[in-house]
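Student: Can we go through this one together? I have a few quick questions.

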Amino acid sequence: MRNHSILSVVAAAGLALPLVIFAQTAQHTGPAKTRAASSTPDFSGVWFIDEYHRNMLPNEDPPLQPWAEALFKKHIYENEHREPDTGPDPTERCIPPGIPRTMFQPFPWEIVQTRDRVIMIFEYQSLIRQIFTDGRGHPQDLEPTYMGNAIGKYEGDTLVIDTIGFNDKTWLDPMGLPHSDAMHVTERLRRVDHDTLVDEYTIDDPKAYTKPWTAQRTFKLKPDWQIQEYVCAENNKSK
């Protein structure tokens, strides 16, 4: 069952998650239907991360600026010496994980495609991300947000997503990898086969990193899953 699968991933990751309310998993009447032939690739469906890592780059640290490296080490220390029911991770205070971390959470998310945008519906914290594909640019005066402002364009079988306008209140991964409000995320989203979605992320943040760097995540299609309700309440005492 899907809930057991998610909980096992969370347990393996050692996460202290807020209160989550899972409804009974609803079954679809059949496999996801394929769109009519089109030049636009079809990413629609419910997706779940194939392999969870607490580090955005599992085998190395990205090229941090000195202040960011010091802050990263501080976050790691605080994580290792945390109290049992509290921790330094902003998500433990119900702060959104931001982009791209929201996509890495061990919870499913759904892609819905329309004529002028791609919509991502995340089960984690019931977050929504809109990627406009109608040719618009970024607004001139962006208000910094957790999810940023995203625009996209199709290049063959790939959706190229350009996101700016972040605040600096989130971590890039559970280990505490920082970023600044200058972060620019470029993604190349591609469906390598019917059941597999690959997203390649390039982080360009000259305030926090000495050069741009790239990471990749793979997601698997879950045709029989539906996005459920998630309730996050800071300092919730319910067990």
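Student: Which residue in β9 is the bridge partner of Thr-202?
Tutor: Thr-214 is the partner of Thr-202 there. Keep in mind that this is a predicted model.

Student: How many bridges join β8 to β9, and which way do the two strands run?
Tutor: There are 8 bridges between β8 and β9, and the strands run antiparallel. Strand β9 covers residues 213–221, and β8 covers residues 196–204.

Student: What do the strands form overall?
Tutor: A closed barrel of 9 strands, in the order β1-β2-β3-β4-β5-β6-β7-β8-β9, with mixed pairing. From one strand to the next, the twist averages 30°.

Student: New topic. Is Asp-199 buried or exposed?
Tutor: Asp-199 is buried, because its relative accessibility is 0% and the cut-off for buried is under 20%. Asp-199 is part of β8.

Student: What does its side chain make a polar contact with?
Tutor: The side chain of Tyr-201, at 3.4 Å.

Student: And which residues further off in sequence does Asp-199 touch?
Tutor: Among them are Met-103, Glu-187, Ala-215 and Phe-219. Glu-187 is 12 residues from Asp-199 in sequence, and their C-alpha atoms are 6.4 Å apart.

Student: Last thing: what is the mean pLDDT of the protein?
Tutor: The mean is 86, and 81% of the residues reach 70 or more. Over residues 7–37, however, the pLDDT is below 50. That stretch still has 55 contacts in the model beyond near neighbours in sequence.

Student: What should not be read in detail where pLDDT is low?
Tutor: The predicted coordinates should not be read in detail there.

Methods:
Residues numbered from 1 in each chain as written. Predicted model: local features only at pLDDT ≥ 70, side-chain atom pairs only at ≥ 80, totals over all residues. Heavy atoms only, no water. Helix = DSSP H or I, 4+ residues; strand = E, 2+ residues; numbered from the N terminus. Buried < 20%, exposed > 50% of the residue type's maximum accessible area, 1.4 Å probe, protein only. Contact = heavy atoms within 4.5 Å. Polar contact = N/O pair within 3.5 Å; in protein donor to acceptor, adjacent residues only side chain to side chain. pLDDT = per-residue confidence, 0-100. Pairing = 2+ DSSP bridges. Axes fitted to C-alpha atoms, helices over the stretch in contact; angles between N-to-C directions. Lists of a residue's contacts leave out its neighbours within four places in sequence.
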